[in-house]
Amino acid sequence: MTRPEDATPLRSFILKVANRCNIDCDYCYVFNSKDQTSRHLPARMSLDVAQAAARRIGEHAATHGLREVHVVLHGGEPLLVGPRHMGDLLRTLRDGVPAETDVRFELQTNGTLLSAAWLDLFERYEVVVGVSLDGPPAANDRHRLSHTGRSSVLSAVRGIELLRSRPHLFAGLLAVVDLANDPVEVHDYLASFEPPVIDFNLPHGTHDDPPHRDDPALPEYGMWMSRVWDAWLARPQYRHSVRMLEDIVALSSGVRGSVETLGLTPPAGVVIESNGTIEGVDTLRSVEEGASWLGIDLLNQSFDQTMHHPKLRHRHDGKAALADQCQDCPLVEVCGGGYLPHRYSAARGYRNPSVYCADLEYLIRHVQGSLREYGWSTYAPGRTATVGARVEASE
């Protein structure tokens, strides 16, 4: 087991600046899952909480000699706080962290409220913006509707087009996989906006409440993402990264990945709620009521104390925290046992293979087999913008 002094410092701080949303995604782990805590939290983060967060972030950065930290503005829908309050939050956070540490701001939004005034504010504080969109209108409207059941696509696309006018602010697009949607159509539609990155997330599910499948005997999510891989590889004209797929390539070559859903590198992020309470993995709300609660807050505990909370120690135990069959699996260095919420069952807690185990195996073997077919086995980050072009360049 990992000793307390070996715990990885926190480098990413997700601030829930808003705990309300202007659309009603049916798969939302914040508002439409087993844990309904967010509905009872302050609608927006106060400047006092932001100031406390900045002080704790600065304290943690100084202790560990961090020259850079990432502050992610999240929700709910973070733009619901309004430009004036958001500006005050950004100023408070930047001013509260000592100048020796560079604060990199990111924001995740549904894009429907973006405007030129918002982008002007983001220019001032160098905030890069990611937008959630599940694909073309029919695909997106399966889950991402307004509270009155109306489509959110046109407003989201308008926001994305605004971001494209300032590409240095455009962080990328985030989509949740739905088996009812065509993977190639979804990929190509998202790619048409020229994002630097496309993130695909698997819908949250557990062994007690598994994700929908048309045929439970098939690794349908792995097959879906394999078709995305094939489409992405075949289109070198697109310059974007598909993060899940690039991480599989990197991890297969022994290079560290970039997301906590794959690989064995300890997560280096923490969540700060609008009332100042701290959570480790907020997506655990999809598991059961209280699964993400730590019972600590910014006023009374430091981030060093947070790192050593019993509920977070598993993050530093690597393979030892996984189910026995995962520890012995030849793919464990790549899949990392799967994302923590997806391992849960009431009977065994988190010591299960991922509910997506077969899907991850299918996808990883598909990617690795494809690379072997090209005779390409060494990942070289930054060589070119896409794996497809990298493979071509290596021949």
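**Figure 1. E126 sits in the loop between helix 3 and strand 5.** The model shown here and in the other views is predicted. Phi of E126 is near 55°. That is a positive value, in a residue other than glycine. Is E126 buried or exposed? E126 counts as exposed, because its relative accessibility is 58% and the exposed class begins over 50%.

**Figure 2. E194 lies in the loop between helix 6 and strand 8.** E194 is not a glycine, yet its phi is positive, at about 55°. Its relative accessibility is 58%, so E194 counts as exposed.

**Figure 3. A cis peptide bond links G75 and G76.** Omega of this bond is about 15°. G76 belongs to the loop between strand 3 (68-74) and helix 2 (83-96).

**Figure 4. Ten strands make up an open sheet.** The 10 strands follow the order 9-8-7-5-4-3-1-10-11-12, and the pairing is mixed. Strand 9 (241-242) and strand 12 (293-297) stand at the edges. Each has a single partner strand, so one side of each is left without a neighbour in the sheet. Helix 6 packs on this sheet and touches strand 7, strand 8 and strand 9. The direction of helix 6 makes about 145° with that of strand 8.

**Figure 5. Strand 7 and strand 8 run parallel.** Four bridges join strand 7 to strand 8 (residues 197-201). One bridge can be picked out by its residues: L174 has D199 in strand 8 as its partner.

**Figure 6. Strand 10 is covered on both faces.** Strand 10 spans residues 269-272. G269 and V271 lie on one side, V270 and I272 on the other. These four residues are all buried. Strand 1 (residues 12-16) pairs with strand 10 in the parallel sense, over four bridges. In that pairing, L15 has I272 as its bridge partner.

**Figure 7. A hairpin connects strand 10 and strand 11.** Strand 10 and strand 11 (residues 277-279) run antiparallel and are joined by two bridges. V271 stands opposite E279 in strand 11. The hairpin has four residues between the strands. In this hairpin, G276 takes a positive phi near 95°.

**Figure 8. Helix 5 has its buried residues on one side.** Helix 5 covers residues 153-164, 12 in number. From its first C-alpha to its last, helix 5 reaches 16 Å, close to the 16 Å expected at 1.5 Å a residue. Which residues of helix 5 are buried? They are V153, A156, V157, G159, I160 and L163. These residues cover an arc of only 160° around the axis, which puts them on the same side of helix 5. What do the buried residues of helix 5 pack against? Their partners are helix 3 (116-125), strand 5 (127-132), helix 4 (137-140), strand 7 (170-176) and helix 6 (183-191).

**Figure 9. Helix 7 is mostly covered.** Helix 7 (residues 220-233) has 14 residues. Its reach is 20 Å from first C-alpha to last, close to the 20 Å expected at 1.5 Å a residue. How many of the 14 residues are buried? The count is 11. Three tryptophans are labelled by number in the buried set: W224, W229 and W232. The buried set also includes E220, Y221, G222, M225 and S226. V228, A231 and L233 are buried too.

**Figure 10. F122 and F200 touch the most other members of the largest nonpolar core.** This core has 91 residues. Which residues does F122 touch, not counting residues up to four places away in sequence? They are L79, L107, L114, V127, V129 and L169. A second, separate core has seven residues, including L284, V287, A291 and Y344. In soluble globular proteins, nonpolar side chains tend to be buried together.

**Figure 11. Y27 lies in the loop between strand 2 (23-25) and helix 1 (47-64).** At 24% relative accessibility, Y27 counts as partly exposed. Y27 is in contact with D134, H143, R144 and V176, leaving aside neighbours within four places in sequence. Y27 and V255 are 228 residues apart in sequence. In space, Y27 and V255 are 32 Å apart, C-alpha to C-alpha.

Terms used. Residues numbered from 1 in each chain as written. Predicted model: local features only at pLDDT ≥ 70, side-chain atom pairs only at ≥ 80, totals over all residues. Heavy atoms only, no water. Expected span 1.5 Å × (residues − 1). Buried < 20%, exposed > 50% of the residue type's maximum accessible area, 1.4 Å probe, protein only. Arc of directions from axis to C-beta. Contact = heavy atoms within 4.5 Å. Core = buried A, V, L, I, M, F, W, Y, C linked by side-chain atoms within 4.5 Å. Pairing = 2+ DSSP bridges. Axes fitted to C-alpha atoms, helices over the stretch in contact; angles between N-to-C directions.
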